[in-house]
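User: Please take a close look at one strand of this model and its surroundings. I should like a connected account of its pairing, its crossovers and the packing beyond it.

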Amino acid sequence: MKYIDIHAHVNFAAFRDDYADVLKRAHDAEVTVINVGTKIGTSKRAVELADEFPDVYAIVGLHPIHTEASQHDEEEIGGRGFVSRGELFDSLEYKKLASNKKVVAIGECGLDYYRLNSETKDIQKEIFIKHIRLANDVEKPLMLHIRDARLNDSVSNQAYEDAYEILKREARVPMNVHFFAGNVAVARKFLDLGATLSFTGAITYGKNYEEVLQFAPLDRLLSETDCPFVAPHPHRGERNEPMFIPHVVEKIGVVKSESAETVRTAIMENARRLFFSTSLSTL
Ligand SMILES: [Zn+2]
């Protein structure tokens, strides 16, 4: 395979009717897909898809926004709002899923302060730590979701700071920060922890990510779609899917003044090192 989408959600209801077509298109475009669970139902579904399709892998976990009952509007997530009922983290059940050979990491887990609610911060932290301990236990890497609050048009770094402290204290496994949206100082801290940073189609429009992309070394970058959200240019506004990943790779090349081929091979190597360093060599 030539490309990898390290953070997709073909396990979501948005693909219920045509997931097989979507995954076939990814296969035809030579894109390996890692579907990420966000609660127990979507985690199980991610494992099912990994069992069914050879170049599809899974990650299992409870997204921080699903640790509380909450509503998420369309603007917040770039299309398609949803309601979360809130779930508890059943370590044993996730451990059972995590023992599947095609489960390549634990997550997406972390801290989401986008809609600041100080009471739920503690619950988020507690569940985040449970994920880290599970990852340490099963010796699989972490897929991190860290999102900060927006305060009067400036962005706070509190979620990144808190996550950093927790990871530094608890984590004994490698990690990737999904949809990285921190500044250069935050990137430096996570790179010092040994983390890789992954970027979505959001980098194909707007200049917000250029400075951090230029700063981060090529051997620490990964590509993701986060589909069905944030489709890259020229598909912006459409439902996103893994076959669009070359647009992300190409844009990283433009920003870093590297050829798309150099970026592509570096990302495959980075993914191999992070997720497939053990027995899996099908990438
Ligand atoms: Zn996600």
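Analyst: In this predicted model, strand 11 and strand 12 (residues 221–223) pair in the parallel sense, with 3 bridges between them. Within that pairing, Leu-197 has Leu-221 of strand 12 as its bridge partner. The connection between the two strands involves helix 8 (residues 210–215): strand 11, helix 8 and strand 12 form a β-α-β unit that is right-handed.

Strand 11 also pairs with strand 10 (residues 175–178), again in the parallel sense, over 2 bridges. Here Asn-176 finds its bridge partner in Thr-196 of strand 11. From strand 10 the chain passes through helix 7 (residues 184–192) to reach strand 11, and this β-α-β crossover is right-handed.

The side chains of strand 11 (residues 196–199) may be considered next. Thr-196 and Ser-198 point one way, while Leu-197 and Phe-199 point the other way, and all are buried. In a regular strand, side chains alternate between the two faces of the sheet.

Beyond the strand lies a further point of interest, Val-249, which is located in helix 9 (residues 245–256). The C-alpha atoms of Val-249 and Thr-200 are separated by 9.3 Å, although these residues are 49 residues apart along the chain. Val-249 counts as buried because 23 other C-beta atoms lie within 10 Å, the cut-off being 20 or more. Leaving aside residues up to four places away in sequence, Val-249 touches Tyr-3, Ser-223, Ala-260, Val-263, Arg-264 and Ile-267. Of these contacts, Ser-223 belongs to strand 12 (residues 221–223), the parallel partner of strand 11.

Notes
Residues numbered from 1 in each chain as written. Predicted model: local features only at pLDDT ≥ 70, side-chain atom pairs only at ≥ 80, totals over all residues. Buried ≥ 20, exposed ≤ 12 C-beta atoms within 10 Å, placed from the backbone. Helix = DSSP H or I, 4+ residues; strand = E, 2+ residues; numbered from the N terminus. Pairing = 2+ DSSP bridges. Right-handed = clockwise from strand over helix to strand, strands pointing away. Contact = placed C-beta atoms within 7 Å.
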